[in-house]
Amino acid sequence: NMYKLFVTVFSIAFLTGCSEKKQAIYENDADGHEWINQQSIKDVPNPHSGSAVSIIDSAHSFSLGLCKTIENIGIGKIKEVHFSYWVNMKSNQAKASTVISVDFNGKNVHWDGHPVKVTELNKWTLIDETFTLPENVELNNQLSAYVWNNSKEEILVDDLRIKLK
């Protein structure tokens, strides 16, 4: 009968929907979007793409980055942050970290940073990192992802891509 068919189809659709991993993807080629640290964006002659990059140096320690309250991302609780971008380091003294930070009411809940490693200077290198968030990260927490320059040397950052699952 029609009722059994409806219940069966609804159940299959519901179970299929639940098994899909929800994710959100944010991308930025450093050409002006709704992201934090936009003062770091400058036009340069050799961007990875577009005309601008995020420059981190002694004046701006933090690259262009994403900062959003988790519930506003719209995929529920986030377990994993996949963060990739292109970096160009000009000096052996340059040091940076790929950072994921979670805050609530101005207090840090979770911070994780992976050192940026490049094999060649003055060349665009793809950095690709995956971070796992702890269970205590709540929907009302604010998630930030950015590159932190922990040296005074100039570092170029372009084509950021942040995938949240």
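**View 1. The whole chain: two helices and 10 strands.** This is a predicted model, and reading along the sequence gives the pattern α-β-β-β-β-α-β-β-β-β-β-β. The chain has 165 residues, and 41% of them are buried. Take the contacts with a separation of 6 or more, and 75% turn out to link residues 24 or more positions apart. As for the outside, the accessible surface comes to about 9,400 Å², with carbon and sulfur atoms holding 53% of that.

**View 2. An open sheet of four strands, in the order E4-E9-E6-E7.** The pairing here is antiparallel. At the edges stand E4 (66-69) and E7 (107-115); each has a single partner strand, so one side of each has no neighbour in the sheet. On average, neighbouring strands of this sheet are turned by 20 degrees against each other, ignoring direction.

**View 3. Where E4 meets E9.** Zooming in on one edge of the sheet, E4 and E9 (residues 142-149) run antiparallel and are joined by four bridges. One residue to pick out is Leu 66, whose bridge partner in E9 is Ala 145.

**View 4. The largest nonpolar core, with 32 residues.** Which residues have the most contacts inside this core? They are Ile 78, Val 81, Phe 83, Tyr 85, Leu 143 and Leu 164. Plenty of elements chip in: helix H2 (70-73) supplies at least two residues, and so does each of the strands E3 (52-56), E5 (80-89), E6 (96-104), E8 (125-132), E9 and E10 (155-164).

**View 5. A second core, separate from the one above.** This one is made of five residues, among them Val 44, Val 53, Trp 124 and Leu 156.

**View 6. Ser 151, in the loop between E9 and E10.** Is this loop serine buried or exposed? Its relative accessibility is 13%, and buried means under 20%, so Ser 151 counts as buried. Leaving aside residues up to four places away in sequence, Ser 151 touches Gln 93, Ala 94 and Lys 95. The side chain of Ser 151 also has polar company from the backbone: a polar atom of this side chain lies 3.1 Å from the backbone nitrogen of Lys 95, and the backbone nitrogen of Glu 153 is 3.3 Å from a polar atom of the Ser 151 side chain.

Notes: Residues numbered from 1 in each chain as written. Predicted model: local features only at pLDDT ≥ 70, side-chain atom pairs only at ≥ 80, totals over all residues. Heavy atoms only, no water. Pairing = 2+ DSSP bridges. Axes fitted to C-alpha atoms, helices over the stretch in contact; angles between N-to-C directions. Core = buried A, V, L, I, M, F, W, Y, C linked by side-chain atoms within 4.5 Å. Buried < 20%, exposed > 50% of the residue type's maximum accessible area, 1.4 Å probe, protein only. Contact = heavy atoms within 4.5 Å. Areas by Shrake-Rupley, 256 points an atom, 1.4 Å probe, with all protein chains shown as cover. Polar contact = N/O pair within 3.5 Å; in protein donor to acceptor, adjacent residues only side chain to side chain.
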